[in-house]
Amino acid sequence: MEAYVRRTDLKDGITEIEFFHPQHNALPGVLLSELAEAIHSCGKEDQVEVIILKSGGDRTFCAGASFDELVQIDHLEAGTVFFSGFANVINACRKCPKLIIGRVQGKAVGGGVGLAAAVDYCLATDHAAIRLSEITIGIGPFVIGPAVERKIGLAAFSQLSINATEFQSAQWAKEKGLYAEVYADAEQLDQGVMKIAASLAATSPEARAALKKMFWEGCEHWDSLLAERATMSGQLVLSEFTKKALNKHR
C-alpha cells in the first residue's frame, strides 16, 4: 500500500486528516508537506468545526522521521529543509484556529511524539507507548522539543530524551499530560474520539477559536525557534556518527 495523506469530511463539521506510510507510518518530507498543507487548508474552511488527526493501520501511530530519507541528506540545506517539515506541521497545528484531536492507536517514536504533543487534545490506546530515540542516532528531539515540553514539562521531556532506548507506557504518557484518556483498544478509542469531536462541534466556533488561541499563548515565536532547531538538526544529521547509526537501522 502506498503512502498518503487523506482528508475525510464526516458529519457535523468533523474532518479527519489521516496519514499513512508502509514503513510504520514514518514521515518523509513529501508527507510532512502534505500534512501541514491539509491542516492549514482545513483551518481556513468555515464548514470545518473540529479536526481529527490520525494515522492508518492498526499498529504504529508514527515512527517519526524516515530513516531512508535521513541517510540520503548530504548537505546542510537539505537537512534543514527536511527537519523544517516537522516544524511546519507543528506550527500548522499551533496556528490552525480549529481544535485538533489526536487519535494515537499505537506506538509513537520521535516525531510521532511531537505530533501527539502538537494537537490540542490527544486520545490513545494502551498500545500507544512513546519513545524519543533521537540521541541514539546522533541528533536530538530539537524541533519537536518545544511542543513535547509544553505538554509534559521539562522533567518528563528530559527523561524521554535521555532514556532514549526504552519505551514509556501509554499510562505514563497520560500521567504526564500527553494523553487525555487511554483506552483498551482501537474500537473504544474511536468511540472516545468521536464522542469528544461531536461534543466540540456543537459548541460556539468563536469560543473554540478563542480557547485555542489562549492554549497557545507564549508560543508566537515558534516560527523562528523551530526554524533554528531545524538547522541544528540538519547540521547534526551530516555527522559521521549519525550516518553510521542510520545505516545500522536500515
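User: What stands opposite Arg103 in S6?

Analyst: In this predicted model, the residue of S6 that stands opposite Arg103 is Leu123. Strand S4, residues 99-104, and S6 are joined by 4 bridges and run parallel.

User: How do you know that strand S4 and S6 pair?

Analyst: Two strands count as paired if at least two bridges are found between them, and S4 is joined to S6 by 4 bridges, so the two strands meet that condition.

User: What makes S6 and strand S8 a pair, and which residues face each other there?

Analyst: The cut-off is again at least two bridges, and S6 is joined by 3 bridges to strand S8, residues 181-183, with the two running parallel. Ala124 has Val182 of S8 as its bridge partner, while Thr125 stands opposite Tyr183, likewise in S8.

User: Why is strand S6 called largely enclosed?

Analyst: A residue is buried when its relative accessible area is under 20%. In strand S6, which covers residues 121-125, 4 of the 5 residues are buried, and therefore the strand is largely enclosed by the rest of the structure.

User: What makes S1 and S8 the edge strands of the sheet?

Analyst: The sheet is open and consists of 6 strands in the order S1-S2-S3-S4-S6-S8, with mixed pairing. Strand S1, residues 4-9, and S8 each pair on one side only, and these are the edge strands. On average, neighbouring strands of this sheet are turned by 20° against each other, direction ignored.

User: Which strands does helix H7 lie across, and how does it run relative to S4?

Analyst: Helix H7, residues 186-201, lies across strand S2 (14-20), strand S3 (50-55), S4, S6 and S8, and it runs at about 175° to S4. Angles over 145 degrees count as roughly antiparallel, so the value of about 175° places H7 roughly antiparallel to S4.

User: Why is H4 called oblique to H5?

Analyst: Helix H4, residues 111-118, packs against helix H5, residues 145-162, at an angle of about 60°, and their axes lie 8 Å apart. This angle is neither under 35 degrees, nor over 145, nor within 65 to 115, which means that H4 is oblique to H5. The crossing of the two helices is left-handed.

User: Which residues make the contact between H4 and H5, and how many are nonpolar?

Analyst: H4 contributes Val113, Gly114, Ala116 and Ala117, and H5 contributes Ala147, Val148, Arg150 and Lys151. By class, this contact has 5 nonpolar, 1 polar and 2 charged residues.

How values were computed:
Residues are numbered from 1 along each chain as its sequence is written. This is a predicted model: local features need pLDDT of at least 70, side-chain atom pairs count only at pLDDT 80 or more; totals for chains, interfaces and linings use all residues. Side-chain values use heavy atoms; hydrogens and water are left out. Axes are lines fitted to C-alpha atoms, for helices over the stretch in contact, and angles run from 0 to 180 degrees between N-to-C directions. A crossing is left-handed if the near helix is turned anticlockwise from the far one by less than a right angle, and right-handed if clockwise. Contact means heavy atoms within 4.5 Å. Ala, Val, Leu, Ile, Met, Phe, Trp, Tyr, Cys and Pro count as nonpolar, Asp, Glu, Lys and Arg as charged, and the others, Gly among them, as polar. Buried means under 20% relative accessible area, exposed over 50%, partly exposed in between (1.4 Å probe, protein chains only).
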